[in-house]
Amino acid sequence: FVTSNRYYAYAIISNRHLYRCQMPCIEDSWSYVPFYNMEYIDMEEKELWALQTGSAGLMHRHVVETKARKAIPGPCGGSYQKCATQWKTVSPHRDMVWASDQNGGVWQCQQPCGGNGEWKPVP
């Protein structure tokens, strides 16, 4: 996967590690970002959202400028191991974050999305 905004491009390479480069990207300007086992990424102007592989299906929010990151709990809150929702995709936008789960459900979370009870199913 590859995603970008006007400042950076991010890519998941074959070993599921994440790399980024500052625009305009040139061949040797990619640097490693300390996320591993990434399965899916998407971004808006200020944040990169990433899904981690494995049974937990963890979702992360990465603030591009400060490099701060946070794990975002699923709709059941608390521990991911207790949560039946396994994320498949995530799509951040200025006012809302949209996500789909492995069972075909669609969810929305008002920005700034902190997870837990903020996820609402879309009928």
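**Close-up 1. Salt bridges in the predicted model.** The structure holds 2 salt bridges. The model is predicted. One salt bridge pairs Arg 6 with Glu 45. The other views take up Arg 61 with Glu 47, and then an open sheet of 4 strands.

**Close-up 2. Arg 6 meets Glu 45 in a salt bridge.** Their closest N and O atoms are 3.1 Å apart. The pair links distant parts of the chain, 39 residues apart. Arg 6 sits in the loop between strand E1 (2-4) and strand E2 (8-12). Glu 45 sits in the loop between strand E5 (38-43) and strand E6 (47-52). Arg 6 is exposed, at 60% relative accessible area. Glu 45 counts as partly exposed, at 36% relative accessibility.

**Close-up 3. Arg 61 forms a salt bridge with Glu 47.** Here the closest N and O atoms are 3.8 Å apart. Arg 61 lies in strand E7 (residues 59-63) and Glu 47 in strand E6, so the salt bridge ties together parts 14 residues apart in sequence. Both residues, Arg 61 and Glu 47, are buried.

**Close-up 4. Four strands form an open sheet.** The strand order is E9-E10-E11-E12, and the pairing is antiparallel. Strand E9 (87-92) and strand E12 (120-121) stand at the edges. Each has a single partner strand, so one side of each is left without a neighbour in the sheet. Strands of a sheet pair through backbone hydrogen bonds.

**Close-up 5. Strand E11 joins strand E12.** Strand E11 covers residues 106-110. The two strands run antiparallel, joined by 2 bridges. Trp 107 stands opposite Pro 121 in E12.

How values were computed. Residues are numbered from 1 along each chain as its sequence is written. This is a predicted model: local features need pLDDT of at least 70, side-chain atom pairs count only at pLDDT 80 or more; totals for chains, interfaces and linings use all residues. Side-chain values use heavy atoms; hydrogens and water are left out. Two strands pair if DSSP finds at least two bridges between them. A salt bridge is a side-chain nitrogen of Lys or Arg within 4 Å of a carboxyl oxygen of Asp or Glu. Buried means under 20% relative accessible area, exposed over 50%, partly exposed in between (1.4 Å probe, protein chains only).
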